[in-house]
Amino acid sequence: MKTLKTRTLTWHHLHQPASADLKWLERHFGLHGLVLDELTHPTTRPRVDNFGDYLYLVLHFPIFDQPERKTHPREIDFVLTKRELITVTHETIGPLEDFFKKCSTDKSCKELFTSKTPAHLLFHVLKELYAFALRELDHIQENINRIEDEIFANREREMVEELSIVRRDIIDFRRAIKPQLMTLESLAEQSQNLFGSGLKPFFAGLIGEFTKVWDLLE
């Protein structure tokens, strides 16, 4: 477990949590047994649950595997309290790891992203992940443009496999992203019980970040 602590909040990041980590979470946060069980293995669908003094959020993000040339949905579990944010992953998610490291080592980043509440931090974490998704879509667009150029150069037959790979990539990306919208809308509503209506624009803003990705994907 890696921990980033500031004057106003604490961010705990766990990758493949061991039983000792789960016991610590149960003791420190009083997490419900259902949540602790969910943290032990990947799940298939995104969701948000309100447990009174904390929110439990599950989202999946498309991550492209270069050696396989395939996009996989990678899960991130979030536990959000008034003072702390917990993120849990089962596979390594580069943009999340990079953002945690940046916030831990870059003073300007720490002041910008971790100087308010865990809800603000969650907004910036998810915004960073959606920005990464946009960059991946830019890469897909570059592949489409390259294939188009090759087809007009009379290399249609050679491009059949490339077309199949890009088509699969778009389908996998869509499958990972599409279910998030209802979860984000629910998050915007559920968050008011914990943080009040003042932060609703931030959570509603996440829907805007999602929409940027979805529109480009379409």
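**Exercise 1.** Work out which strand and which helix each supply at least two residues of the lining of the largest pocket.

*Solution.* Strand S5 (70–80) and helix H6 (160–177) each do so, where helices (H or I, at least four residues) and strands (E, at least two) are DSSP runs numbered from the N terminus. This is a predicted model, in which local features need pLDDT of at least 70 and side-chain atom pairs count only at pLDDT 80 or more, while totals for chains, interfaces and linings use all residues. Residues are numbered from 1 along each chain as its sequence is written, and side-chain values use heavy atoms, with hydrogens and water left out. As a next step, note that S5 gives the largest share of the lining, four residues.

**Exercise 2.** Find which residues of strand S5 and helix H6 are tied together by a salt bridge, and state how far apart they are in sequence.

*Solution.* Lys70 forms a salt bridge with Asp172, with the closest N and O atoms 2.9 Å apart; the term requires a side-chain nitrogen of Lys or Arg within 4 Å of a carboxyl oxygen of Asp or Glu. Because Lys70 lies in strand S5 and Asp172 in helix H6, the pair ties together parts that are 102 residues apart in sequence.

**Exercise 3.** Decide whether Asp172 is buried or exposed, and then classify Lys70.

*Solution.* Buried means under 20% relative accessible area, exposed over 50%, and partly exposed in between (1.4 Å probe, protein chains only). Asp172, at 8% relative accessibility, therefore counts as buried, whereas Lys70, at 24%, counts as partly exposed.
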